[in-house]
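Let's take a quick tour of a protein model, looking at charged side chains and at strands that line up. Keep the 3D view open as you read.

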Amino acid sequence: MKEQFVVLGLGRFGQSVTKTLVDNGKDVLAIDKDEQIVQEVTPYVTHAVQIDATDETALEQLGLHKFSHAIVGIGEDLQSSILTTLILKELNIAEITAKAKDDHHGKVLSKIGADNIVFPERDMGERLGNLLSSSDLIDYLELSSEYNMAEIRAPKAMDGCTLQKLNINKTYGCIIMAIKDEDEEVNISPHIEDEIHHGDILTIIGKHKDIKRLQKDYREKGKTK
């Protein structure tokens, strides 16, 4: 069966999630209590409904128990966010992702049954901060609370080195998943004898602290060359 998602609360976060899911070919039921917002999303979602997400009877009548994943996009109204999450849990939705305003809000949502907690403003702020604070960091994605995936421009100190010589895995606990050269050619799962050249884009997976340590060490090596 095709995965079915329901998004409750269609502010900027909720609409962004909805559009992305639709673009990825998913069926999405969009819910908001604001009629104008519902009308705006109606053209591109599978179905859109104007109801209050805290109305348990209305949610039951929509058959939400059939949906595989619910996303609670309500952030500012803490009471509605918490009550909606509770209702979804009682409806036995397989997976619930909820937007949180702050850590306290997130802890409450987690305790009442939300499977995933997201902090859109904080997460975006961290991502931007990391990008701005490193000249060789091109992109950054948090995979979990501990592990990240980063795109890094290969520094001069790596020029001409093979993966075997660099031994990134042993030294830093990181894995180079792909190498993109200046011609935009991408080498997926590179071999240990493949060379890296200054300016190549490296896709690296590892712990955030280890990726930062790798970047720092190679910046220092570049200064001594």
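Here is a short briefing on the salt bridges, one sheet and a surface patch. Keep in mind that this is a predicted model. Three salt bridges turn up in it, and five strands make up an open sheet.

**Salt bridges**

- Let's begin with some background: side chains of opposite charge can pair when their charged atoms come close.
- Take glutamate 76 and lysine 101, which form a salt bridge with their closest N and O atoms 3.6 Å apart.
- Glutamate 76 sits in the loop between β4 (69-72) and α4 (78-90), and lysine 101 sits in the loop between β5 (95-99) and α5 (103-111), so this pair ties together parts that are 25 residues apart in sequence.
- How open are the two partners? Glutamate 76 is exposed, because its relative accessibility of 59% is over the 50% cut-off, whereas lysine 101 is partly exposed at 49%.
- Next come glutamate 184 and lysine 180, whose side chains meet in a salt bridge at 3.6 Å, N to O.
- Here glutamate 184 is exposed, with a relative accessible area of 54%, while lysine 180 is partly exposed at 25%.
- Then there's aspartate 210, which forms a salt bridge with arginine 213, and the closest N and O atoms are 3.4 Å apart.
- Both residues belong to helix α9 (residues 208-224), and because they are three residues apart there, about one helical turn separates them.
- Is aspartate 210 buried or exposed? Aspartate 210 counts as buried, because its 11% relative accessibility falls under the 20% cut-off; arginine 213 is partly exposed at 35%.

**The five-stranded sheet**

- A word of background again: strands of a sheet pair through backbone hydrogen bonds, either parallel or antiparallel.
- In which order do the strands of the open sheet come? Follow them as β7-β8-β13-β10-β11, with antiparallel pairing.
- At the edges you'll find β7 (137-142) and β11 (186-188), each of which pairs on one side only.
- On average, neighbouring strands in this sheet are turned by 20° against each other, ignoring direction.

**Strand β8 and its neighbours**

- On one side, β8 runs antiparallel to β7, and five bridges join the two.
- If you look for aspartate 139, you'll see that it stands opposite glutamate 151 of β8.
- On the other side, β8 (residues 147-153) pairs with β13 (residues 201-207) in the antiparallel sense, this time over seven bridges.
- Which residue of β13 is the bridge partner of alanine 150? That's isoleucine 204, and tyrosine 147 has lysine 207 as its bridge partner in β13.
- The side chains of β8 alternate along the strand: Asn148, Ala150 and Ile152 point to one face and are buried.
- Tyr147, Met149, Glu151 and Arg153 point to the other face of β8 and are not buried.

**A nonpolar surface patch**

- Leu141, Leu143 and Tyr147 together make a nonpolar patch of about 270 Å² on the surface.
- You've met one of these already: tyrosine 147 has its place in strand β8, and it is partly exposed, with a relative accessible area of 36%.
- So why can tyrosine 147 be part of a patch? One requirement is over 30% relative accessible area, and tyrosine 147 clears it with 36%.

Note on methods:
Residues numbered from 1 in each chain as written. Predicted model: local features only at pLDDT ≥ 70, side-chain atom pairs only at ≥ 80, totals over all residues. Heavy atoms only, no water. Salt bridge = Lys/Arg side-chain N within 4 Å of Asp/Glu carboxyl O. Helix = DSSP H or I, 4+ residues; strand = E, 2+ residues; numbered from the N terminus. Buried < 20%, exposed > 50% of the residue type's maximum accessible area, 1.4 Å probe, protein only. Pairing = 2+ DSSP bridges. Axes fitted to C-alpha atoms, helices over the stretch in contact; angles between N-to-C directions. Patch = residues over 30% accessible without salt bridge, like charges linked within 9 Å, V, L, I, M, F, W, Y side chains within 5 Å. Areas by Shrake-Rupley, 256 points an atom, 1.4 Å probe, with all protein chains shown as cover.
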